[in-house]
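Welcome! Take a moment to look over the chain shown here, then use the notes below as a guided tour.

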Amino acid sequence: QASSPSTIPRCSPSRTSPLLSPAASAASRREVAMPSKRRNNGRSKHGRGHTAIVRCSNCARCVPKDKAIKRFQVRNMVDASSQRDLRDASVYATFMLPKLYMKMIYCVSCAIHG
């Protein structure tokens with residue numbers, strides 16, 4: 001009676017199943033998550049599924065709006081020599097010329113290298 005099928009000890013089906021490979025059975029036991037380089041994955045879209053695209057100011061690459069690097073470039077409206085001429089010809093003693101504020105949008109590559 002020791003050789004009857006009801007008394008033979010059996011292993012768990014996950015180890016002996018021919019359908020599951022050893023790698024698949026290991027993955028089914030525990031979920032392995034890939035490590036994340038950044039907590040926000042390089043984006044600031046938290047909870048939004050999709051964001052609009054913008055073009056890079058340097059290379060015209062399409063970049064998601066929340067991933068693009070935004071910087072203000074502040075310049076004088078006129079160059080230094082013309083500024084001196086305007087100051088000499090001006091009636092006002094202290095006349096401040098307005099500045100030009102440009103919002104520059106860069107892709108990650110141009111923000112690093114360009």
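Let us begin with one cysteine: Cys56 is buried, with a relative accessible area of 5%. Keep in mind as you read that this is a predicted model. Cys56 will lead us to the other cysteines, then to the core, and from there to the rest of the chain.

**Cysteines**

- How many disulfides does the structure hold? The count is 0.
- Why does Cys56 not form one with Cys59? The sulfur of Cys59 is the closest cysteine sulfur to that of Cys56, but at 3.7 Å the two are too far apart for a bond, because a disulfide needs the sulfur atoms within 2.5 Å.
- Cys62 is in no disulfide either, and its nearest cysteine sulfur, again that of Cys59, lies 9.6 Å away.
- While Cys56 is buried at 5%, Cys62 is partly exposed, with 41% relative accessible area.

**The nonpolar core**

- Cys56 also belongs to the largest nonpolar core, a set of 7 residues. Its other members are Val54, Val63, Ala68, Ile105, Cys107 and Cys110.
- What does Val54 touch, once neighbours within four places in sequence are left aside? Its contacts are Arg61, Cys62, Val63, Lys65, Ala68 and Ile105.
- Among these contacts of Val54 are Val63, Ala68 and Ile105, and these three are core members too.

**The overall layout**

- The chain has 4 helices and 4 strands.
- If you trace the sequence from start to end, you meet them in the pattern α-α-β-β-β-α-β-α.
- How much of the chain counts as buried? Of the 114 residues, the share is 10%.
- The accessible surface of the chain comes to about 10200 Å², and carbon and sulfur atoms account for 56% of this surface.
- Many residues that touch are well separated in sequence: taking the contacts between residues at least 6 apart, 56% join residues at least 24 apart.

**The salt bridge**

- In general, side chains of opposite charge can pair when their charged atoms come close.
- The model contains 1 salt bridge. The partners are Arg43 and Asp66, whose closest N and O atoms are 3.0 Å apart.
- This pair links distant parts of the chain, with the two positions 23 residues apart in numbering. Arg43 sits in the loop between α2 (22–29) and β1 (53–55), and Asp66 sits in the loop between β2 (62–64) and β3 (69–76).
- Are the two partners buried or exposed? Asp66 is buried, at 11% relative accessible area, whereas Arg43 counts as partly exposed, at 24%. The two fall in separate classes because buried means under 20%.

**A nonpolar patch on the surface**

- Which residues make the nonpolar surface patch? Phe72, Val74 and Tyr101 do, and the patch covers about 360 Å².
- Phe72 is placed in strand β3 and is exposed, with a relative accessible area of 58%.

**Around Asn76**

- Asn76 is another residue of strand β3, and it is partly exposed at 40% relative accessible area.
- Not counting residues up to four places away in sequence, Asn76 touches Gln83 and Lys99.
- Pro98 is 22 residues from Asn76 along the chain, yet their C-alpha atoms are separated by 7.0 Å.
- Leu97 is 21 residues from Asn76 in sequence, with 7.6 Å between the C-alpha atoms.
- Where is Pro98? You will find Pro98 in the loop between α3 (80–89) and β4 (99–106), partly exposed at 42% relative accessible area.

**Positive phi angles**

- Asn41 is not a glycine, but it has a positive phi of about 55°. Asn41 lies in the loop between α2 and β1 and counts as exposed, at 56% relative accessibility.
- Ala60, also not a glycine, has a positive phi of about 65°. Look for Ala60 in the loop between β1 and β2, where it is partly exposed with a relative accessible area of 36%.

Key: Residues numbered from 1 in each chain as written. Predicted model: local features only at pLDDT ≥ 70, side-chain atom pairs only at ≥ 80, totals over all residues. Heavy atoms only, no water. Salt bridge = Lys/Arg side-chain N within 4 Å of Asp/Glu carboxyl O. Buried < 20%, exposed > 50% of the residue type's maximum accessible area, 1.4 Å probe, protein only. Patch = residues over 30% accessible without salt bridge, like charges linked within 9 Å, V, L, I, M, F, W, Y side chains within 5 Å. Areas by Shrake-Rupley, 256 points an atom, 1.4 Å probe, with all protein chains shown as cover. Core = buried A, V, L, I, M, F, W, Y, C linked by side-chain atoms within 4.5 Å. Contact = heavy atoms within 4.5 Å.
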